[in-house]
Amino acid sequence: MKALVKGMGHALPERILDNKELEQMVDTSEKWIIERTGIRERRIIDESETTSDLAYRASLMAIENSGISIEELDLIIVATATPDMLFPATACFVQEKLGAWNAAAFDVSAGCTGFVYGITVAEKFLLSPEYKYVLVIGAEAISRIIDYNDPTTCVLFGDGAGAAVLGRGDSEAGIMATYLGTDGRGTKHLYLPGGGASQPASLETMEKGLHFLKMNGNEIFRFATKITVEVSEKIFAMTGIKAEDIDLFIPHQSNMRIIKTAMKWMKIPEEKTIVTVDQYGNMSAACLPVGLSLAVQEGRLKAGDLVLMVAFGAGLTYGGVLLRWGSD
Ligand code: UT7
């Protein structure tokens with residue numbers, strides 16, 4: 001028995017924020033952004049919407065593509081760093097919007113690695129006969145925690161959501177390996193200081209801008225290039241699969257330079273790699289499922305293809321998933 005992707009979906013806000021517009025807002029330049037990150041534009045969620053709305057829209061597409069009914073969902077897992085509220089879990093809002101009354105629902109907080117964590121948790125649930133279908137969503141309204149006066153962060157991020165319906169299968173297709181890791185010594189490199197139990201929201205936290213994402217870009221950059229290759233190698237060692245066997249590589253989309261370095265080290269060619277960072281920026285936990293959903297939509301996957309997804313993020317967390325594409 002293997003856990004299997006039954007259907008993918010994604011939702012992207014319509015509003016485009018391009019580099020030219022950012023030049024008007026903050027001390028940056030289109031040239032710097034493109035050279036240092038590869039990002040051309042990103043999407044910004046509408047004021048009337050929130051993370052669970054994007055998650056809901058991505059989920060509807062994934063459920064339709066899976067061929068199952070909403071009533072058949074046993075569990076909803078939302079991976080997000082930008083929940084609608086600290087509690088209840090965003091997954092509960094998604095459950096309500098879907099009317100998925102038979103599903104339990106909870107969130108996973110693992111930063112940009114959230115979707116990999118979510119898939120891994122879902123896979124374990126699917127080993128149990130009580131859970132037949134699990135909806136895993138990566139969704140972010142990251143623009144809500146970005147300081148648009150801070151050029152070192154605001155040019156990087158964008159909003160979006162991707163969703164996967166997972167079920168069980170008996171064929172070759174399905175999840176072949178998952179690998180998760182964390183280095184808590186890196187919590188100080190990417191975090192949202194205000195609004196939690198350590199620094200509850202107050203006038204002072206607002207004045208100090210503690211409700212905005214803080215990032216030590218250089219530290220994360222160093223970590224990211226190393227860990228993307230290490231996670232991939234770990235998965236290759238677990239499965240006997242080699243880098244040249246991979247048909248589609250979906251690395252976390254935070255910076256084109258990180259993606260290119262990983263591709264070079266692993267000798268995975270451009271045509272086998274999904275790149276969305278140029279068009280959508282870093283959508284945190286939504287990057288991988290949006291990338292996979294777009295690949296499916298564009299007909300880039302055929303039965304038997306090997307897909308490797310690798311991510312890293314706040315925590316510092318990291319992880320990967322290897323799956324063989326196809327239906328049961
Ligand atoms: O998914 C979450 C994980 N996050 C990441 O993966 C982010 C990883 N880090 C990165 O992608 C890169 O470190 C950044 C894109 C954040 C920064 O690029 P960098 O090449 O590492 O630049 P830097 O931080 O070393 O800064 C170089 C210069 C500095 O100016 P000085 O001190 O050399 O005069 C910065 O102030 O670039 C300046 N700078 C900018 N200039 C124009 C920083 N941000 C900007 C900007 N526009 N937006």
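Of the 328 residues in the protein, 56% are buried. The structure is a predicted model, with 11 helices and 13 strands. Its radius of gyration is 19 Å, close to the 20 Å that the globule rule gives for 328 residues, so the protein is as compact as a globular protein of that length.

**Overall dimensions and surface**

- The C-alpha trace spans about 55 × 45 × 35 Å along the principal axes of the protein.
- Among contacts between residues at least 6 apart in sequence, 76% join residues at least 24 apart.
- The protein exposes about 14,000 Å², and carbon and sulfur atoms supply 51% of that area.
- There are 31 positive and 42 negative charges, and the mean positions of the two sets are 7 Å apart.

**Strand β13 and its partners**

- Strand β13 covers residues 317-324 and is mostly covered, with seven of its eight residues buried.
- Strand β8 (residues 174-182) pairs with β13 in the antiparallel sense, over eight bridges.
- Within that pairing, T182 has T317 of β13 as its bridge partner.
- Strand β12 (residues 306-313) also runs antiparallel to β13, and eight bridges join the two.
- Here G313 is the residue that stands opposite T317 in β13.

**The turn between β12 and β13**

- β12 and β13 form a hairpin with three residues between the strands.
- In this hairpin G315 takes a positive phi near 150°.
- A cis peptide bond joins G315 to L316, with omega about -5°.
- L316 lies in the loop between β12 and β13.

**Strand β11**

- Strand β11 comprises residues 248-251.
- L248 and I250 point one way from β11, while F249 and P251 point the other way.
- In a regular strand the side chains alternate between the two faces of the sheet.
- The four residues L248, F249, I250 and P251 are all buried.
- β11 pairs with β12 in the parallel sense over four bridges.
- One bridge in this pairing sets I250 against M309 of β12.

**Helix α11**

- Nine of the 11 residues of helix α11 (residues 287-297) are buried, so the helix is largely enclosed by the rest of the structure.
- The buried residues of α11 are C287, L288, P289, V290, G291, L292, S293, L294 and A295.
- After α11 comes G299, which has a positive phi near 70°.

**The loop between α10 and α11**

- S284 is placed in the loop between α10 and α11.
- S284 has a positive phi of about 55° although it is not a glycine.
- The relative accessibility of S284 is 2%, under the 20% limit, so S284 counts as buried.
- A285 sits in the same loop, between α10 (277-280) and α11.
- A285 is buried, with a relative accessible area of 0%.
- Leaving aside neighbours within four places in sequence, A285 is in contact with A79, T80, G111, C112, G114, F115, G138 and E140.
- The C-alpha atoms of A285 and R168 are separated by 24 Å, and the two residues are 117 apart along the chain.

**K267, in the loop before α10**

- K267 is found in the loop between α9 (256-266) and α10.
- Phi of K267 is near 55°, a positive value in a residue other than glycine.
- K267 has a relative accessible area of 71%, which is over the 50% limit and so makes K267 exposed.

**Y191 in strand β9**

- Y191 belongs to strand β9 (residues 190-191).
- Y191 has a relative accessible area of 39% and is partly exposed, because that value falls between the 20% and 50% limits.
- Leaving aside neighbours within four places in sequence, Y191 is in contact with F212, L213 and K214.
- Y191 and G67 are 124 residues apart along the chain, and their C-alpha atoms are separated by 38 Å.

**The cis bond before P88**

- A cis peptide bond joins F87 and P88, with omega about 0°.
- P88 lies in the loop between β4 (75-79) and α4 (90-98).

How values were computed: Residues numbered from 1 in each chain as written. Predicted model: local features only at pLDDT ≥ 70, side-chain atom pairs only at ≥ 80, totals over all residues. Heavy atoms only, no water. Rg over C-alpha atoms; globule rule 2.2 N^0.38 Å. Buried < 20%, exposed > 50% of the residue type's maximum accessible area, 1.4 Å probe, protein only. Contact = heavy atoms within 4.5 Å. Areas by Shrake-Rupley, 256 points an atom, 1.4 Å probe, with all protein chains shown as cover. Lys, Arg positive; Asp, Glu negative; His and termini not counted. Charge placed at Lys NZ, Arg CZ, Asp CG, Glu CD. Pairing = 2+ DSSP bridges.
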